[in-house]
Amino acid sequence: MDNQLLQSQDKLREVFGEAIGLYIAKEPKIADKWTVDSLFKVIKHAEHEFSEILRSKTIDRQYHNVLDLIGQMAIVAVKLRERKLR
């Protein structure tokens, strides 16, 4: 694999790591209630996070909201994978 491809993969891993870290930091407050929420509800939450990105006034807020969206989309993916495996 070429160096640029490896660097790109590393950047993605770093961002995914930040997103899961942000989610884990919130867990004491929100627990894992998403596991009982409907797929529709978690998708609506992801939709909300996307709209937050568009409304954010600063790069810091946009970045934070993008990390939230990544975490929320991971939850959507888990929900869909669970349905697929049934």
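The buried residues of α3 pack against α1 and α2, and that is a good place to start looking at this predicted model. The protein chain has 3 helices and 0 strands, and reading along the sequence gives the pattern α-α-α. With those helices in view, let's go through the chain as a whole, then α3, then a pocket, and finally one loop residue.

**The whole chain**
- The C-alpha atoms of the protein chain fill a box of roughly 40 × 40 × 25 Å along the principal axes.
- The protein chain has 86 residues, and 23% of them count as buried.
- Take the contacts between residues at least 6 apart in sequence: 62% of these join residues at least 24 apart.

**A closer look at α3**
- Helix α3 is made of 27 residues.
- From its first C-alpha to its last, α3 reaches 39 Å, which is close to the 39 Å expected at 1.5 Å a residue.
- If you want to find the buried residues of α3 in the structure, look for N65, L67, D68, L69, G71, Q72, I75, V76 and K79.
- The partners that these buried residues pack against are α1 and α2.

**The largest pocket**
- The volume of the largest pocket is about 270 Å³.
- Three elements each give two or more residues to the lining of this pocket: α1 (3-30), α2 (39-55) and α3 (59-85).
- In total, 17 residues line the largest pocket, and those nearest its centre are Y23, I30, H45, Q72 and I75.
- Helix α3 provides the largest share of the lining, with 5 residues.
- Sorted by class, the lining has 8 nonpolar, 3 polar and 6 charged residues.
- Two names now appear twice: Q72 and I75 are among the buried residues of α3, and both are also among the residues nearest the centre of the largest pocket.

**Zooming in on D37**
- You can find D37 in the loop between α1 and α2.
- Is D37 buried or exposed? D37 counts as buried because its relative accessibility is 14%, and the cut-off for buried is under 20%.
- The side chain of D37 is joined to the side chain of K33 by a polar contact of 3.0 Å.
- Leaving aside residues up to four places away in sequence, D37 touches V42 and K79.
- One of these, K79, is a buried residue of α3, so the contact of D37 with K79 links the loop between α1 and α2 to that helix.

Terms used
Residues are numbered from 1 along each chain as its sequence is written. This is a predicted model: local features need pLDDT of at least 70, side-chain atom pairs count only at pLDDT 80 or more; totals for chains, interfaces and linings use all residues. Side-chain values use heavy atoms; hydrogens and water are left out. On a 1 Å grid over the protein atoms alone, a cavity is a set of points where a 1.4 Å probe fits but cannot get out, and a pocket is an open set with protein on both sides within 12 Å along at least five of seven lines; lining residues have an atom within 4 Å of a point. Grid points are joined across faces, edges and corners, and a volume is the space filled by probe spheres set on the points. Helices (H or I, at least four residues) and strands (E, at least two) are DSSP runs, numbered from the N terminus. Ala, Val, Leu, Ile, Met, Phe, Trp, Tyr, Cys and Pro count as nonpolar, Asp, Glu, Lys and Arg as charged, and the others, Gly among them, as polar. Buried means under 20% relative accessible area, exposed over 50%, partly exposed in between (1.4 Å probe, protein chains only). A polar contact is a pair of N or O atoms within 3.5 Å; within protein, one must be able to donate a hydrogen and the other to accept it, and residues adjacent in sequence count only if both atoms are side-chain atoms. Contact means heavy atoms within 4.5 Å. The expected span of a helix is 1.5 Å times one less than its number of residues.
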